[in-house]
Amino acid sequence: MGYGHGRGRGRGWGKGNWGKQRGWEIFLQQPQLPLHTHEVRVAAPVSDRNGINSIISQVFARSQYIAIVDIKNSEVISVNVYSNPAAAAPQGAGLILAQWLVSNNVRVVLTPNIGANLAQALAQAGIYAYQVPSNIRLIDALRSIWLVK
């Protein structure tokens, strides 16, 4: 008695996943920041080292620099721009960058684009990712999601 290629029998077919968003797309659309305190550390990919006026890069895991911004009570406390430790990785740049962000206590990421592996790693670490336009200043990206005034 054959079952054909229809609705399953444990093969994963016919589970009704058509038209649903992938997990990282839902993750990028979080409506509000989960700020239980008034302090947060934010990371963003940037293409230069101009501090708060750095330009947001189009890519994340392979961007040249990563800016880390400390915010307290909607005011920027400090801005540090680091060379991206995963930029030259032959493979697995997203996972390398996720580990680096976790080790630096980042809670929020601002990026125009994010790969599926990096998005999944950030979600597992409890880091929230927000989509912002590329080629804008870092301060404008922070203002666009209401992190600073």
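How many bridges join β1 to β4, and in which sense do the two strands run? Two bridges join them, and the strands run parallel. This pairing belongs to a predicted model, and the paragraphs below place it within the chain as a whole.

The chain has 149 residues, of which 38% count as buried. Its secondary structure comprises four helices and five strands. Read from the N terminus, these elements follow the order α-β-β-β-α-β-α-β-α. Among contacts in the chain with a separation of 6 or more, 57% are between residues 24 or more positions apart. The accessible surface amounts to about 9,100 Å², and carbon and sulfur atoms account for 49% of this surface.

The five strands form an open sheet with mixed pairing, in the order β3-β2-β1-β4-β5. At the edges stand β3, residues 75-83, and β5, residues 128-131. Each of these two has a single partner strand, and therefore one side of each is left without a neighbour in the sheet. From one strand to the next, the twist averages 25°.

The sheet may be followed from the β3 edge. Strands β2 and β3 are antiparallel and are joined by eight bridges. Their hairpin has two residues between the strands, and Asn73 in this hairpin takes a positive phi near 50°. Across this pairing, Ile66 has Tyr82 of β3 as its bridge partner. Ile66 of β2 is also the bridge partner of Pro45, which introduces the next pairing. Strands β1 and β2 are again antiparallel, with eight bridges between them. Another bridge in this pairing sets Val40 against Ile71 of β2.

Why are β1 and β2 described as largely enclosed by the rest of the structure? For β2, the reason is that seven of its eight residues are buried. For β1, six of the eight residues are buried, so this strand too is largely enclosed. A residue counts as buried when its relative accessible area is under 20%.

Beyond β1 the sheet continues with β4, the parallel partner named at the outset. In this pairing, Val42 stands opposite Val108 of β4. Strand β4 is then joined to β5 by four bridges, and these two strands also run parallel. Here Thr111 stands opposite Gln131 of β5.

Thr111 deserves a closer look. This residue lies in strand β4, which covers residues 108-111. Is Thr111 buried or exposed? Its relative accessible area is 1%, so Thr111 is buried. Leaving aside residues up to four places away in sequence, Thr111 touches Pro45, Phe60, Tyr130, Gln131 and Val132. A polar atom of the Thr111 side chain also lies 2.6 Å from the backbone oxygen of Asn113.

Helix α2 lies across four of the strands: β1 (39-46), β2 (65-72), β3 and β4. With respect to β2, the helix runs at about 30°. Residues 93-103 make up α2, and Gln99 is found among them. Gln99 has a relative accessible area of 58% and is therefore exposed. The C-alpha atoms of Gln99 and Leu118 are 9.7 Å apart in space, while the two residues are 19 apart in sequence.

A further link between α2 and the sheet is aromatic. Across the whole structure, a search finds one aromatic pair. Tyr82 and Trp100 form this pair in an edge-to-face arrangement, with 5.7 Å from centre to centre and 75° between the planes. The pair links distant parts of the chain, since Tyr82 belongs to strand β3 and Trp100 to helix α2, 18 residues apart. How do the two partners stand in accessibility? Trp100 has a relative accessible area of 19% and so counts as buried. Tyr82, at 33% relative accessibility, counts as partly exposed.

Tyr82 thus takes part in two of the relations described above: Tyr82 is the bridge partner of Ile66, and Tyr82 forms the aromatic pair with Trp100.

Definitions and conventions
Residues are numbered from 1 along each chain as its sequence is written. This is a predicted model: local features need pLDDT of at least 70, side-chain atom pairs count only at pLDDT 80 or more; totals for chains, interfaces and linings use all residues. Side-chain values use heavy atoms; hydrogens and water are left out. Buried means under 20% relative accessible area, exposed over 50%, partly exposed in between (1.4 Å probe, protein chains only). Contact means heavy atoms within 4.5 Å. Accessible areas come from the Shrake-Rupley method with a 1.4 Å probe; for residues, only the protein chains shown count as cover. A polar contact is a pair of N or O atoms within 3.5 Å; within protein, one must be able to donate a hydrogen and the other to accept it, and residues adjacent in sequence count only if both atoms are side-chain atoms. Two strands pair if DSSP finds at least two bridges between them. Axes are lines fitted to C-alpha atoms, for helices over the stretch in contact, and angles run from 0 to 180 degrees between N-to-C directions. Rings of Phe, Tyr and Trp (its six-membered ring) pair if their centres lie within 6.5 Å; planes under 30 degrees apart count as stacked, over 60 as edge-to-face and the rest as tilted.
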